[in-house]
Amino acid sequence: MALNPAVCSVNDVQGLRKATTFHPSLWGDFFLTYQPPTAPKSAYMTEKAEVLKEEVRKMVTGAKEIPDILDLVITLQRLGLDNHYENEIDEQLSFVHNSDYDDKDLNLVSLRFYLLRKNGYHAPSDVFKSFKDEEGNFVVDDVKSLLSLYNAAYLRTPGDKVLDEAIVFTRSQLEVVLDSLEPTLADEVSLALQTPLFRRVRILETRTYIPIYEKEAARNEVILEFAKLNFNLLQLIYCEELKTVTLWWKQLNVEANLNFIRDRIVEMHFWMTGACSEPQYSVTRVIMTKMTAYITILDDIMDTYSTTEEAMLLAEAIYRWDEGAAELLPEYMKVLYLHLLKTFDLCEDELGPNKSFRVFYLKELIKILVQANSQEIKWRDEHYFPNTLDEHLKISRATVGGFQVACSSFVGMGDIITKEILDWLLTYPELLKCLSTIARLCNDIKSTEREQNGAHHASTVQCYMLQHRTTMHGACEKIKELIEDTWKDMMNLYLTPTERPKLIAKTIVDVTRTADYIYKKTDAFTFSHTIKDMIAMLYVEPTLF
């Protein structure tokens, strides 16, 4: 007879549990009381920033020459100021797109291509063929042009062969010259080789680029000062949000005694800030952080801590979504479950009467996650290996949480997000599948070896190994190629005209960038000491002005 965890003794259940190996929080209660040193100057910073913003606006509208427009737009984007001038930048890039421009300067051609595609224009890649010799080799004689071409090439779509070739060529050339470059340019090249410009998390790029821009001889002092003030004001907003979610998380831990799951609330907010960094999305970031917390808790309970019987009871309660279902659960799950219901009820109040209906979609996203987790548990218990990678991804794309995080980002946004858009998102459109595929594959490459030390379902890496009879190293290399192909598909969808607001595709791409960052070198969410310095730069250390 199967053991019923709802009625058996604690010792009996404990004997069935799998050990957890998550390191404790690196931050504890630090952000409950922390206030950036710039906080007393917030009124002055706000007033000064408004003055500088209008000065920069005149620069944007006053730029007439294409090289000047391109240089100004890329600078504003990297410094995190472009959201203040969306309409003006759209007008300038429309002018650039409609202008005859047959320049022989590869740096400018690459920058034009990069900015047009980034802004949604399907700029043709054939423009780069004129920079090849008769043998089909690229002819580039300066590092700046190499770097611009390298960054531009990563906005490739399926069939952009010239851009595929450009990446191979520029990467090899940049690696050769890296050690001979002066420090500032060497830092730029090294950063690009780690992560090309288009894939960088925007707020982290801002924090990293401000000190780089400050050293440039051609810097604009007004833009630089505005960038510093703008970041410091954002930092104050982020720290207030972090105080809110840290207090919420602490209360949840006290009530439910969740000392067996990853205590990563700071890292969760950090991740969500990368996905939606603008000041107007404060409510969005808080909702996304709480959603990510529940995604993490459910993953750790169902995948690592609970028995199979307990996990299925939790799944059944979530499908029912009412307080009465708590009676199905063992005590530690009961408290968590009731807290989940309470949090979502409070979310309805926070959104207000006109938007409270959106919480329905958060509930549906949690149900989809739990259903997929239940299938993975079944695979694990039956020692089942999916026959193909595609079969695996149909389930494992949902359990990585990217779909849930991206969709939840729209719940807290303004009236531009309609019920029709939320309904469409729940149909799991291709753009969201690209995000989830990239997140799942990046996660599995970094976590497979660690997770297979204990009882666990087969990862995509193991599935590929079995399907293609290859080694783990060979499977990882092939999966990296699949990740690149999925980025191409995402870019193609990003450039495809649609009646939906540009914000939809832009946000999904932003969420994808954060997944790329978190799993770049390791599973930085699980081993969060690897991103501690970057978290400190975002929340603790202001930019000096």
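# Cavities and cysteines

Colleague: Which helix gives the largest share of the lining of the largest cavity?
Modeller: This is a predicted model, mind you. Helices H4 (66-78), H6 (106-118), H10 (202-214) and H11 (221-256) each put at least two residues into that lining. The largest share is 4 residues, and it comes from H10.

Colleague: How much space lies in that largest cavity?
Modeller: Counting cavities of 30 Å³ or more, you get 5. For the largest, the space comes to about 280 Å³.

Colleague: And how many residues line the largest cavity?
Modeller: Start at the middle: Gln77, Gly80, Asp82, Arg202 and Thr206 are the lining residues nearest its centre. Sorted by class, the lining splits into 8 nonpolar, 7 polar and 8 charged residues. The full lining is 23 residues.

Colleague: What about the second largest cavity, what is its volume?
Modeller: Its walls include Ile287, Met291, Phe344 and Leu362. Lys290 and Glu350 are also among the lining residues. The volume here is about 80 Å³.

Colleague: Which helix gives the most to the lining of the second largest cavity?
Modeller: Two helices each supply at least two residues here, H13 (282-305) and H15 (331-351). With 5 residues, the one giving the most is H15.

Colleague: How many residues in the lining of the second largest cavity are nonpolar?
Modeller: Take the other classes out of the way: 1 residue is polar and 2 are charged. Cys347 is one of the lining residues, and cysteine counts as nonpolar. The nonpolar tally is 6.

Colleague: On to cysteines, then. How many disulfides does the structure hold?
Modeller: A pair of cysteine sulfur atoms has to be within 2.5 Å to count. By that cut-off, the number of disulfides is 0.

Colleague: Is cysteine 276, which is in no disulfide, buried or exposed?
Modeller: The nearest cysteine sulfur to that of cysteine 276 belongs to cysteine 407 and is 12 Å away. The relative accessible area of cysteine 276 is 2%, and anything under 20% falls in one class. So cysteine 276 is buried.

Colleague: Why is there no bond between cysteine 476 and the closest cysteine sulfur?
Modeller: Cysteine 476 is buried too, at 12% relative accessibility. The closest cysteine sulfur is in cysteine 442, and a disulfide would need the two within 2.5 Å. There is no bond because the sulfurs are too far apart, at 11 Å.

Notes. Residues are numbered from 1 along each chain as its sequence is written. This is a predicted model: local features need pLDDT of at least 70, side-chain atom pairs count only at pLDDT 80 or more; totals for chains, interfaces and linings use all residues. Side-chain values use heavy atoms; hydrogens and water are left out. On a 1 Å grid over the protein atoms alone, a cavity is a set of points where a 1.4 Å probe fits but cannot get out, and a pocket is an open set with protein on both sides within 12 Å along at least five of seven lines; lining residues have an atom within 4 Å of a point. Grid points are joined across faces, edges and corners, and a volume is the space filled by probe spheres set on the points. Buried means under 20% relative accessible area, exposed over 50%, partly exposed in between (1.4 Å probe, protein chains only).
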